[in-house]
Amino acid sequence: MRLARSRVRKLRYTALFIATKREYGLNDEFQMTKNPTETFTLGHSPDPDDAFMFYAIAKNKIDLRGYRFEHRLEDIQTLNERAQRGELHISAISIHAYAYVADKYALLPCGASMGDGYGPIVIRKHPTPNVQHSTPNHEGDARDSLRSGTIAVPGKMTSAFLALQLFLGKFDYVVVPFDKIFDAVESGRADAGLIIHEGQLTYARSGFEKIVDLGEWWKRKTGLPMPLGGNVVRKDIPPPVRRDISEIIRESIDYGLTHRDEAVAYSLAYARDMNSQLASKFIGMYVNEFTRDCGETGRAAIRKFLSDARDMAYLDVPVELEFVE
């Protein structure tokens with residue numbers, strides 16, 4: 001009897017899969033695993049905000065509906081590259097990179113990282129007593145200062161890099177792992193650094209000063225939050241299963257928000273150079289109302305961000321958004 005039910009489930013899944021391929025015209029190169037209803041690869045960053053979001057899934061705190069998730073922890077640039085190859089079933093991704101993988105992945109309405117009036121920052125070294133320079137006090141000064149030097153950036157596919165292009169236009173840069181940008185600026189390899197993750201909270205105590213907060217600039221310019229990251233799911237997964245995955249991730253986020261202390265405690269293992277108070281503050285910045293559901297405001301922010309980049313020729317692909325509904 002159990003074997004018969006198993007065969008029925010497999011036949012239903014096969015029919016759904018074939019129908020989905022017909023609906024989306026998918027190529028055969030994007031194949032699911034042999035037991036797609038049982039195990040999915042789930043890529044996310046080894047950061048406290050992502051750890052917080054996926055805590056309930058990782059520790060089986062919620063009903064996973066018979067699915068299993070293999071967590072693959074990678075830095076965001078690596079996840080962006082893997083998404084371009086269609087390697088993971090579910091992944092965190094930069095909104096910038098999504099423009100290049102929209103043929104393979106759909107965006108989930110939950111799990112977004114959006115900075116509402118804050119975001120990636122550009123820093124430089126504090127002046128020494130014998131070397132003085134003025135601190136930019138408006139956007140024009142900041143642009144002039146940054147265009148005259150080299151900026152260390154955490155990856156060309158990151159949303160932070162695209163945001164800096166929108167703010168600054170053309171500039172000289174060097175790509176550096178996100179956790180080595182302070183070192184690049186300190187050593188003189190770069191004149192300034194584009195900071196993401198926890199560096200947004202720790203730069204001052206590390207001996208650096210802020211030139212511009214790109215999320216603050218974006219909010220003044222558009223009135224919208226800055227869309228930095230999202231979660232995506234492969235399109236060769238049938239729509240009902242995609243909806244299941246979306247609901248499971250939302251339930252995981254909800255569990256973290258309603259069991260905040262235990263979720264933050266779990267996340268501390270991924271909190272580089274942060275104590276519990278700072279980690280909790282960082283989590284609060286990027287696990288917010290837009291994380292549970294980006295809503296119409298979040299979707300408008302994504303469209304505006306990518307459309308502006310397309311209009312300014314920083315994207316060379318059409319802006320096509322598809323959400324799991």
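This is a guided tour of the structure, with a selection to make at each stop and a note on what is found there.

**Confidence**

The model is predicted, and a good way to begin is to colour the protein chain by pLDDT, which averages 86, with 85% of the residues scoring at least 70. Select residues 1-36, where pLDDT stays under 50 and where the model has 40 contacts beyond four places in sequence. Then select residues 129-135, a stretch whose pLDDT is also below 50 and which has 8 contacts in the model beyond near neighbours in sequence. Where pLDDT is low, the predicted coordinates should not be read in detail.

**Strand 1 and Gly43**

Select Gly43, which lies in strand 1, residues 39-44, and which is buried, with a relative accessible area of 0%. Leaving aside neighbours within four places in sequence, Gly43 is in contact with Arg72, Leu79, Leu88, Ile90, Ser91 and Ala92. Add Ile76 to the view as well: Gly43 and Ile76 are 33 residues apart in sequence, and their C-alpha atoms are 9.4 Å apart in space.

**Helix 2**

Move on to helix 2, residues 48-58, which is largely enclosed by the rest of the structure, because 10 of its 11 residues are buried. To see them, select Pro48, Asp49, Asp50, Ala51, Phe52, Met53, Phe54, Tyr55, Ala56 and Ile57, the buried residues of this helix. Asn60, which follows helix 2, has a positive phi, near 55 degrees.

**Helix 5**

Now select helix 5, residues 139-147, and show the side chains of Ala142, Arg143 and Leu146, which are buried. These three are on the same side of helix 5, because they cover an arc of only 100 degrees around the axis. Which elements cover the buried residues of helix 5? Among them are strand 6 (121-125), strand 7 (150-153) and helix 6 (159-168), and the cover also includes strand 9 (192-195), strand 10 (208-213) and helix 9 (214-222).

**The nonpolar cores**

Keep Leu146 selected and add Ile151, Leu164, Phe167 and Phe305, which are the residues with the most contacts inside the largest nonpolar core, a set of 61 residues. Helix 6 supplies the largest share of this core, 8 residues. Centre the view on Phe167, which, not counting residues up to four places away in sequence, touches Glu139, Ala142, Arg143, Leu146, Val212, Leu214 and Trp217. Another core, of 29 residues, lies apart from the largest one, and Ala56, Ile90, Leu108 and Ile237 are among its members.

**Helix 10 and the cysteines**

Next, select Ser246 in helix 10, residues 239-258, a residue that is buried, with a relative accessible area of 5%. Not counting residues up to four places away in sequence, Ser246 touches Leu108, Pro109, Cys110 and Val324.

From there, select Cys110, which is buried with a relative accessible area of 0%, together with Cys294, which counts as buried at 3% relative accessibility. A disulfide is a covalent bond between the sulfur atoms of two cysteines. Why is the sulfur of Cys110 not in such a bond with the closest cysteine sulfur? The closest cysteine sulfur, in Cys294, is 8.8 Å from that of Cys110, and this is too far for a bond, since a disulfide needs the two sulfur atoms to be within 2.5 Å. By this rule, the count comes to 0 disulfides.

Definitions and conventions
Residues are numbered from 1 along each chain as its sequence is written. This is a predicted model: local features need pLDDT of at least 70, side-chain atom pairs count only at pLDDT 80 or more; totals for chains, interfaces and linings use all residues. Side-chain values use heavy atoms; hydrogens and water are left out. Buried means under 20% relative accessible area, exposed over 50%, partly exposed in between (1.4 Å probe, protein chains only). Helices (H or I, at least four residues) and strands (E, at least two) are DSSP runs, numbered from the N terminus. The arc is that of the directions from the helix axis to the C-beta atoms. Contact means heavy atoms within 4.5 Å. pLDDT is the predictor's confidence in each residue, from 0 to 100. A nonpolar core is a set of buried Ala, Val, Leu, Ile, Met, Phe, Trp, Tyr and Cys residues joined through side-chain atoms within 4.5 Å.
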